[in-house]
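Let's take a walk through the empty space in this protein, from a closed-off void to the open pockets. Keep the viewer handy as you read.

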Amino acid sequence: MLPAFLDSLVELISRTSTDLPPDVRAAMRTAVQAEAPGTRAGQALTIIAQNIDQAAACEGPICQDTGMPTFEVKVPVGANQIVLKQQIREAVAEATRRGKLRPNSVDSITGENSGNNLGPGTPIIHFEQWEEPEIEVRLILKGGGCENTNAQYALPAELDHLGRADRSLEGVRKAVLHAVWKAQGKGCSPGAVGVCIGGDRTSGYLHAKEQLFRTLDDTNPDPRLASLEDAIMDEANRLGVGPMGFSGGTSLIGCKIGALNRLPASFFVSVAYDCWAFRRLGVRLDATSGAITSWMYRDGTAPAEPMLPADVVAAGFPTTGREVPLHAPISEEQIRSLKVGDVVLVSGRVFTGRDAVHAHLMKHAPPVDLSGAVLYHCGPVVAKEGDGWRITAAGPTTSIREEPYQAEILRRYGVRVVIGKGGMGAETLAGLEESGAVYLNAIGGAAQFYARCIERVDGVSLTEFGTPEAMWHLQVRDFPAIVTMDAHGNSLHRDVEAESGRRLATLAER
Ligand code: SF4
């Protein structure tokens, strides 16, 4: 037994969930400086930077989606992997109990949430033996929004705007650019991509994810891949997707490429997309006690450099005076006066609802009156306090998953405002126009920032779906978001996708 191993792992998980590593902070600081203040991209990045500092200060989750815990463990010969695995699982359950991880492990057949992040396949733990005397544990928490934007290409392939991608490094370049373009803001850009050239379908994705354990500022030891990484960084940032898909000059903060041998008949390019909330840390542990001897990716003896001065973080959302206040319940007339690009400050009652709630509302009447209501695509982290609850992390989730339901729910129940991230499709856009509703894009991952806009929890419905999927009744004040789809048929997401597609086409040949 290693007496300190469990506590060390709880510390690793907690720190990873709440404190971004210095290399990611540095890349995000560069992004903040690159986007002009007052632009949509600039405002989004300011909120993200505030959120990073708030999470570190309160030791709360950076994003409410604390992702799929994936551990890469190296052990000396003779270490008991059965015991270590059991203790890692206990540490995951303990970190969940402490609110550092959201209960995220769902039975794929029944939909039931295990409540402690344990279940078949969760967490993911990979062991490897090495000839060092210590144990090394590295952890990445990669959320569902960015995981859903992963992509795998079998070359040769015909790609939108880019034409044929052949079995060559040039074809790889096209595939990765295509993946970044396709992701738009859905994976909470600016993001980073880990890429694997080759392997088979499973080893390719695994190796792509492993590239995300490299630091963003390292240089690929293979000069051919180093030059490809540089080219993709430059070109991806010329697409104009921008932070949260709002357009802008920063779409990617990292591109890390590895290669595996392949079968002669296959040529896969696997792309693992990670969001700006790029949570990855590691520790070295004494192999007899399990105590942490050193940290990886961060200086374990000093706090990380803040993203912003403390008074800027304390000041909250940087208003310009042009923001439109909206107080729920909201009238159709007020909604029809809004247009794409307006920044609004929402106050009053907001109901959360994501996948399970949307599916439920297609078959059952809502448990609350949704007329004039604000529906927030969000699966919060919630702490029970006495007879009530406190929301400890509450950023938006990816809205496109609700595309099959949204227009019908607007039509049936009179919802006036949908808040989420990443935008929605043509059917919802038509539904907004028909029903007199708008879609507001909040800043993905800004879970601490938005939790501070929630004054209290007034109730909860549909708790049988588990904490993230239940319908929470929130009282919010001055919750900032941007109108990205209005009631007049306009969509910023559609426009940015089309414009970035045109730019992608200019990168077809080099
Ligand atoms: S920042 Fe966005 S993509 Fe990343 S985990 Fe959070 S919600 Fe998901």
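A cavity here is a set of grid points where a 1.4 Å probe fits but cannot get out. Keep in mind that what you're looking at is a predicted model. With that definition, the structure holds one cavity of 30 Å³ or more, and the largest cavity has about 90 Å³ of space. Its lining is made of 13 residues, with Gln43, Ile47, Phe317, Ile443 and Ile482 closest to the centre. Two elements, α3 (40-58) and β20 (471-485), each give two or more residues to that lining, and α3 gives the most, with four. Sort the lining of this cavity by class and you get ten nonpolar residues, two polar and one charged.

Now for the open spaces. The largest pocket comes in at a volume of about 980 Å³, and 48 residues line it. If you want to find its centre in the viewer, look for Arg102, Asn104, Val106, Gly144 and Arg354, which lie nearest to it. At least two lining residues apiece come from β1 (68-76), α5 (144-147) and α11 (355-361), and α5 gives the most, with four. The class breakdown for this pocket is 15 nonpolar, 20 polar and 13 charged residues.

So where does the ligand sit? The answer is the largest pocket. Around the ligand there are 13 residues, and the closest are Cys63, Cys146, Cys188, Cys275 and Arg279. That shell splits into six nonpolar, four polar and three charged residues.

Next up is the second largest pocket, with about 460 Å³ of space. It's lined by 30 residues, and Gly99, Val381, Val382, Ala383 and Thr392 are the closest to its centre. Four elements put two or more residues into this lining: α4 (81-97), β15 (381-385), β16 (388-393) and α14 (447-451). By class, the lining of the second largest pocket has twelve nonpolar, ten polar and eight charged residues.

One last stop, at a single residue. Asn441 belongs to strand β18, which covers residues 438-441. Is Asn441 buried or exposed? Its relative accessibility is 0%, so Asn441 counts as buried, given that buried means under 20%. The side chain of Asn441 has a partner, too: it reaches the backbone nitrogen of Gly422 at 3.1 Å.

Conventions: Residues numbered from 1 in each chain as written. Predicted model: local features only at pLDDT ≥ 70, side-chain atom pairs only at ≥ 80, totals over all residues. Heavy atoms only, no water. Near = heavy atom within 4 Å. 1 Å grid on protein atoms, 1.4 Å probe; cavity = no way out; pocket = protein on both sides within 12 Å on 5 of 7 lines; lining within 4 Å. Sits in = over half its atoms within 2 Å of the grid points. Nonpolar A, V, L, I, M, F, W, Y, C, P; charged D, E, K, R; others polar. Points joined across faces, edges and corners; volume = space filled by probe spheres on them. Buried < 20%, exposed > 50% of the residue type's maximum accessible area, 1.4 Å probe, protein only. Polar contact = N/O pair within 3.5 Å; in protein donor to acceptor, adjacent residues only side chain to side chain.
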